[in-house]
Amino acid sequence: MFSFLETICVQNGQALHLDFHQMRVNETFDTFFQEWEPFDVHEEISKIVLPETGIHRLRITYTEDPQTVELFPYEAKVIQKFTLVDSGEIDYGFKWAERGFFRHILEAHPLADEVIFHKDGIIQDCTIANLAFLKDGVWYTPEAPMHWGTTRARLLVEDQVEETDILVSELDQYERICLINVFRPLSIENSIALPGAIV
């Protein structure tokens, strides 16, 4: 059985948005480990000392039980240029711990900092985040992403983004793109102007 991964943002000693991480763990157990009780994310985190300052990446890898709980200083990846890649048969509906296939895809596109996956001409995700696109003052996120991230889920609950199909052929109608994950909040400041960002 493959291992799964939960990546949590720890900011100034606080692990953020644990309820959404627990929801994703529960969904993974409902699909792959139906005979097991999902572990308690908060309980696992309470076993380690969290740094009181700065931003850190907390990684929990697990199968039926947590395998490792690791903590690293967060280092932001600088992203300015994207390229479009057909996702083909890639299956990332759940957050697999093994992500080497993403690295190989990035290495195959050295002119870009990140890729934008699409399937049948419809935008999905990139390798490290869900996506939001700005048009006429409204942020839109792909209705059928490769992966249902916790930040995307929270932004939908908070009515900060709207779901829609975003077509490759219509990208020029959008003004900006924003990567959204636990370390990358939705904002104009964190977004990149389109269409010049696509190479």
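**Entry 1: salt bridges**

I looked up the salt bridges first, and the structure holds seven of them. I keep in mind that this is a predicted model. I followed up three pairs.

I began with glutamate 44 and lysine 47. Their side chains meet in a salt bridge, with N to O at 3.2 Å. Is glutamate 44 buried or exposed? Glutamate 44 has a relative accessible area of 12%, so I noted it as buried. I used the cut-off here, because buried means under 20%. Lysine 47 is exposed, at 57% relative accessible area. I wrote down that this bridge joins a buried glutamate to an exposed lysine.

My second pair was arginine 103 and glutamate 107. Their side chains form a salt bridge at 4.0 Å, N to O. Where do these two residues lie? I found both in helix H3, which covers residues 100–107. They are four residues apart, about one turn of the helix. Arginine 103 counts as partly exposed, at 47% relative accessibility. Glutamate 107 is exposed, with a relative accessible area of 53%.

My third pair was glutamate 163 and arginine 152. The closest N and O atoms of this salt bridge are 2.7 Å apart. Glutamate 163 lies in strand S10 (residues 162–164) and arginine 152 in helix H4 (residues 150–157), so the pair ties together parts that are eleven residues apart in sequence. Glutamate 163 counts as partly exposed, at 37% relative accessibility. Arginine 152 is buried, with a relative accessible area of 3%.

**Entry 2: helix H4**

Arginine 152 led me to the rest of H4. Which residues of H4 are buried? I listed Thr150, Thr151, Arg152, Arg154 and Leu155. Next I asked what covers the buried residues of H4. The cover includes strand S1 (4–11), helix H1 (18–32) and strand S8 (130–135). It also includes strand S9 (138–142), S10 and strand S11 (176–180). So S10 appears twice in my notes, because it holds glutamate 163, the partner of arginine 152, and is part of the cover of H4.

I then checked how H1 and H4 pack. Their angle is about 115°, and their axes are 9 Å apart. The crossing of the two helices is right-handed. Which residues meet there? From H1 I found Phe20, His21 and Arg24. From H4 I found Thr150, Ala153, Arg154 and Val157. By class, this contact has three nonpolar, two polar and two charged residues. Thr150 and Arg154 meet H1, and both are on my list of buried H4 residues.

**Entry 3: the sheet**

I moved on to the strands. I found an open sheet of five strands, with mixed pairing. In what order do the strands stand? The order is S10-S9-S8-S11-S12. S10 and S12 are the edge strands, and each pairs on one side only. Neighbouring strands of this sheet are turned by 35° against each other on average, direction ignored.

I looked more closely at S9 and S10. In general, strands of a sheet pair through backbone hydrogen bonds, either parallel or antiparallel. S9 and S10 pair in the parallel sense, over three bridges. I also noted that proline 142 stands opposite threonine 164 in S10.

**Entry 4: backbone angles**

Last, I looked for unusual backbone angles. Most residues other than glycine have a negative phi, and most peptide bonds are trans.

Asparagine 12 has a positive phi of about 50°, although it is not a glycine. Where is asparagine 12? I found it in the loop between S1 and strand S2 (14–15). Asparagine 12 counts as partly exposed, at 46% relative accessibility.

Histidine 17 also has a positive phi, near 55°, and is a residue other than glycine. Its place is in the loop between S2 and H1. Histidine 17 is partly exposed, with a relative accessible area of 40%.

I added aspartate 159, just after H4, where phi is positive at about 60°.

Which peptide bond is cis? I noted the bond from leucine 194 to proline 195, with omega near 0°. Proline 195 sits in the segment after strand S12 (191–193). S12 was already in my notes as an edge strand of the sheet.

Key. Residues are numbered from 1 along each chain as its sequence is written. This is a predicted model: local features need pLDDT of at least 70, side-chain atom pairs count only at pLDDT 80 or more; totals for chains, interfaces and linings use all residues. Side-chain values use heavy atoms; hydrogens and water are left out. Buried means under 20% relative accessible area, exposed over 50%, partly exposed in between (1.4 Å probe, protein chains only). Contact means heavy atoms within 4.5 Å. Axes are lines fitted to C-alpha atoms, for helices over the stretch in contact, and angles run from 0 to 180 degrees between N-to-C directions. A crossing is left-handed if the near helix is turned anticlockwise from the far one by less than a right angle, and right-handed if clockwise. Ala, Val, Leu, Ile, Met, Phe, Trp, Tyr, Cys and Pro count as nonpolar, Asp, Glu, Lys and Arg as charged, and the others, Gly among them, as polar. Two strands pair if DSSP finds at least two bridges between them.
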